[in-house]
Amino acid sequence: MKHSLFIPLLLLSIIFSYNGYTAEIIINGILNPTEWESAQENNVNYQVDPQTFNIENDNFTYRIITTEMGIYLGLTAHIKETLRIRTQENDKTFSNDHFQIMLDMNNNSSESYVFSVNHQGNYFDGKYDVNNELNTDWNNQWQYEVKLNNDNWVAEVFIPWSSMAFRIGNQNEFGFYISRFDEFTNATYASSPTNERMNNFFQQFSKLSTSVVNKSSFDLFPYISTNRDILENKNNVSLGADLFWQPTKNQRLSATINPDFGQVESDELIVNFSAIESFFSEKRPFFSDNQSLFEVTGPESLTVLHTPRIGGDSYYDDNYKSELSSALKYTYNHSSYDIGILSAFEDSTNNGEGRDFISLRTQKSFGANKLGVSVNHVNTPTIARKAMILSSDLHYKLSENSELNVGIIQSRIEQNLDNTNDIGWWVTGSLDINDHHNHEYSLFTYGEDLQLNDIGYVKRVNRKQFEYEYEYQTSNVDSLYIRDIAIGLETELKTNFQNEKLPHLIGAGIEIVTHNEFEYQASLEMLSSGFDDLVTRGNNSLWLPSSYNIEFGVSSPEYLWGKYSTELSLGTEGWKGDFYNINGSIEQQFNDKLHVSLSVSQYNSDSWIEWNEGNSVDEFNFTEQGVELNIDFKISDNQELRIKFEAIIGKAQNLSNYIVDSYGFAEPTEKSDDFSFSENAFQLRYKYSLSKLTAFYLSYGFGGEYEDEIAKFGKRNLYKYALKEKAAHNIFAKLRLSF
């Protein structure tokens, strides 16, 4: 690193600044000189995005004091103009001026805790792992206070060690990284010359050593909720609780009884005609807490343990419905290895007994590398099915700038006295040649009988695939108009176990950022001819001609009032039919309390192919429209009101029906029926925050869908009928407390 000489000097100044602290610090957003006199002010910043690593002095300053109970941070951001106001819910990432603190508490360069606060006093927290993914589902207690002054804003933060689980030691060395997004320059500055896109990101964290009290902690979160089903004229009251006990710093026991699926948070409205299952994120606190040990991922969105399966619908039994009764999780962190166990049990229903889940995970760490083994078991009595999923994974740092991930997974399925076994494996990696060039690749094979979705998730199996991506980026271009450029290339080669030629992909793209902060994107993807082995759901594969896809996009800067963006895709699909897809969005901050965003989209295809049944497919002239409206209103510091509305409509005019033969050729038959559909979802939610992790929720929501098999209605009527045909109509209230 070209600025590596500055790091030792910076570390020495930081380490010597922590000795001798005695005064108690009051978290009030004011850096009292008496409280902070023992902590040296650090003002060396590196511009990490756009990636120049130029040294900037006094973009922000920071002071750090560690005690046996936790870490105190005093952060000061210097400002040159009025800062943007954005009304939003807490635990959502920011688009305006903010600080982000990252703590690698195990000092193993594989994950960090993230704590972030903006100048308005909003926050989010989460975990950032070695796969460059931020998970904001993790939540815990920590303190902060923000003060906005004439020429700066100050964040005073206290993070207790008890809020995090990590390996215990007499002297705990941990890594830290502090960054500030400066909205005036639209750039990010940090305490170390590194960013999340680099393979050596965690290795470049600054280091500190501190004593930690090996103190136990206990948190209980009981809840009571009531739901009024207006359609069924029924009331339901539910009681439950989440329990989190940390007997020592390196042990954590969690339990939940009768958890809800987080009805206060509405899922995105998705209309899915494809053979690939939609992916939904976890919203229940029990499964978000201390979960990173169990999170093992691979290509094709493979997730070894996908917790929304637990207490949700069964992937392999369409008629199965149940709810989670209870669950238990225990983790132990040693100096060089970790162990975890998770078990869960569902309620029995009229259809039979509920499912049982158990997940075991152990992980060995050696430096920045780790080797893990997972064992997952699911029992589904309703269909006499037992699934055992075994996996092993290795994350290995080849060098400071390159890493390798290797995994192997096996499914063992026993159902109705039949046994089905299969395996899959993957190799992924990345290489940063220097600050400008990045290479990523993946090679994987998933057997055609690999079945992971009892407890995991994978987009598709029956694959042998190779992917490669290259990106070149440069910042501060010597141009009158352009500030940053990123150029990317990608290729994808794949086949299946029937050795059918699947479409190969080659693509290229460019992203340009101007000096006035407009972002422009353009890309081209070309698919070769080949078999589509998904559209007929496991029947004869369909041969399709080559196709292409061109995309254009533009996004405005963040103005004080908001921003706007638009994207356009066009090309060919199906049997040489043309398509286009256009999306536009606008966000507006009307005042300090009211923020509104609106998105609209339209997709049209002259050759949209959809499965009918068996080896039968239909070709349609298809149009789909969508609209999404979000309104956030901040009533007071602890009261929020949110309105969310989504609607999607579609009309399909049948062109012909085809029978796919064993060679993949489609023979036309008689035309099928036209059809149209519409879906909508609405939620009005009020939230009163009693503290950071306790709140009262009151929501009113409805959702409906309408299908018209002869497509006789116009688009306006489709929206209207979706509102009338309610499939759900509820008033929901929930109180979650903390003890």
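Four short exercises follow, each with a worked solution.

This is a predicted model, where local features need pLDDT of at least 70, side-chain atom pairs count only at pLDDT 80 or more, and totals for chains, interfaces and linings use all residues. Residues are numbered from 1 along each chain as its sequence is written, and side-chain values use heavy atoms, with hydrogens and water left out.

**Exercise 1. Place serine 314 and find its partners.**

Step 1. Serine 314 sits in the loop between β17 (302-303) and β18 (324-333). Strands are DSSP runs of E, at least two residues, numbered from the N terminus.

Step 2. Is serine 314 buried or exposed? Its relative accessibility is 8%, so serine 314 is buried (buried is under 20% relative accessible area, exposed over 50%, partly exposed in between, with a 1.4 Å probe and protein chains only).

Step 3. A polar atom of the serine 314 side chain lies 3.4 Å from the backbone nitrogen of tyrosine 316. For the backbone nitrogen of aspartate 317, the distance is 3.3 Å.

Step 4. Leave aside neighbours within four places in sequence: serine 314 is then in contact with Tyr320 and Arg355 (contact means heavy atoms within 4.5 Å).

**Exercise 2. Do the same for asparagine 438.**

Step 1. Asparagine 438 belongs to strand β25 (residues 437-446).

Step 2. Asparagine 438 is buried because its relative accessible area is 13%.

Step 3. Its side chain makes a polar contact with the side chain of aspartate 432, at 2.4 Å. A polar contact is a pair of N or O atoms within 3.5 Å; within protein, one must be able to donate a hydrogen and the other to accept it, and residues adjacent in sequence count only if both atoms are side-chain atoms.

Step 4. Not counting residues up to four places away in sequence, asparagine 438 touches Leu431, Asp432, Glu469, Tyr470 and Glu471.

**Exercise 3. Which strands does β13 pair with?**

Step 1. Strands pair if DSSP finds at least two bridges between them.

Step 2. β13 (residues 217-229) and β14 (residues 234-246) run antiparallel, joined by 13 bridges. Phenylalanine 221 stands opposite aspartate 242 in β14.

Step 3. Four residues lie between the strands of this hairpin, and asparagine 233 takes a positive phi near 55°.

Step 4. β13 also runs antiparallel to β41 (residues 726-736), with seven bridges. Threonine 226 has alanine 733 in β41 as its bridge partner.

**Exercise 4. Which bridge partner in β41 belongs to threonine 226?**

Step 1. Find threonine 226 and look across to β41.

Step 2. The partner is alanine 733.
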